[in-house]
Amino acid sequence: MSEQLVYLSREWSDQWLLGLQILLIVVVAYVLQRLLVRGITRLGSRYPLPPELLLPLRGGVRWFIIGGALIMVLERFGVSATVLWTAFSGFVAVAAVAFFAIWSVLSNLLCAVLILTVGPFRIGDLVELIESADKPVVKGRVVDINLLYTTLEEVVEEGTGPVVQVPNSLFFQKVVRRWRGTDLTPFNHNIHE
């Protein structure tokens, strides 16, 4: 019976020691981040530092200390910091490659949201994208706006022309000349130059 008590006391003492170490890490991290954030705030009030600098600095200090404390706690549980760093850097590398691969799609989605909310043109308007030196890239009537493309129907002298799909991001990279749908009658003879 005494052997079991000794075994249990050792087992529980190891658990208590682990719990106290984790509690100590958390408390020290909390106190350290509070002191550093308070010091940065005092520094900002003493010297004329802009709040745009202080806010990210305080946040960066806070997240740095929290991240360090998390790594220390995980090391207490037997997780290696090298394994964590390898996993994190691998995840960041894959995320960067994926973000780079879909950048044009994301750019077109964001530009579609801007086109639909700001409204630089609407369906039925005549738009012309202009390259440098006043060279038209494409000119046509807007027939559809979706999340990736704006569909233009080229207007020719005989009536309607081919349909062109222009990526939405192009409308924010080029100069856009626009005529509202109701203002087109005076310009009909100059549409195809």
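Accessible areas come from the Shrake-Rupley method with a 1.4 Å probe.

**View 1. The whole protein chain and its surface.** Let's start with the full picture of this predicted model. The accessible surface of the protein chain is about 14,000 Å², and carbon and sulfur atoms supply 68% of that area. Of the 193 residues in the chain, 22% are buried.

**View 2. The overall dimensions of the chain.** Try fitting a box around the C-alpha atoms: along the principal axes, the box is roughly 105 × 50 × 25 Å. The radius of gyration tells a related story. For the protein chain this value is 31 Å, whereas a compact globule of 193 residues would have one near 16 Å.

**View 3. Helices, then strands.** How many helices and strands does the protein chain have? There are 4 helices and 5 strands. Follow the sequence from its start and you meet them in the order α-α-α-α-β-β-β-β-β. Contacts also link distant parts of the sequence: among contacts with a separation of 6 or more, 49% are between residues 24 or more positions apart.

**View 4. Where the charges sit.** The protein chain carries 16 positive and 16 negative charges. Take the mean position of each set, and the two points lie 16 Å apart.

**View 5. Strands β1 and β2 side by side.** Here strand β1, residues 126–131, meets strand β2, residues 135–145. The two strands pair in the antiparallel sense, with 6 bridges between them. To find one of these pairings for yourself, look for L129, whose bridge partner in β2 is V138.

**View 6. The hairpin from β2 to β3.** Moving along the chain, β2 is joined to β3 by a hairpin of 3 residues. Strand β3 covers residues 149–156, and its pairing with β2 is again antiparallel, this time over 4 bridges. A handy landmark is I145, which stands opposite T150 in β3.

**View 7. A close look at E128.** This residue belongs to strand β1. Is E128 buried or exposed? E128 has a relative accessible area of 4%, and because buried means under 20%, E128 counts as buried. Which residues touch E128, once its neighbours within four places in sequence are left aside? The contacts of E128 are P136, V138, K139, V175, V176, R177 and W179. One of them, V138, is already familiar from View 5 as the bridge partner of L129.

Conventions
Residues are numbered from 1 along each chain as its sequence is written. This is a predicted model: local features need pLDDT of at least 70, side-chain atom pairs count only at pLDDT 80 or more; totals for chains, interfaces and linings use all residues. Side-chain values use heavy atoms; hydrogens and water are left out. The radius of gyration is taken over C-alpha atoms; the globule rule is 2.2 Å times the number of residues to the power 0.38. Buried means under 20% relative accessible area, exposed over 50%, partly exposed in between (1.4 Å probe, protein chains only). Contact means heavy atoms within 4.5 Å. Lys and Arg count as positive and Asp and Glu as negative; His and the chain ends are not counted. The place of a charge is taken as NZ of Lys, CZ of Arg, CG of Asp or CD of Glu. Two strands pair if DSSP finds at least two bridges between them.
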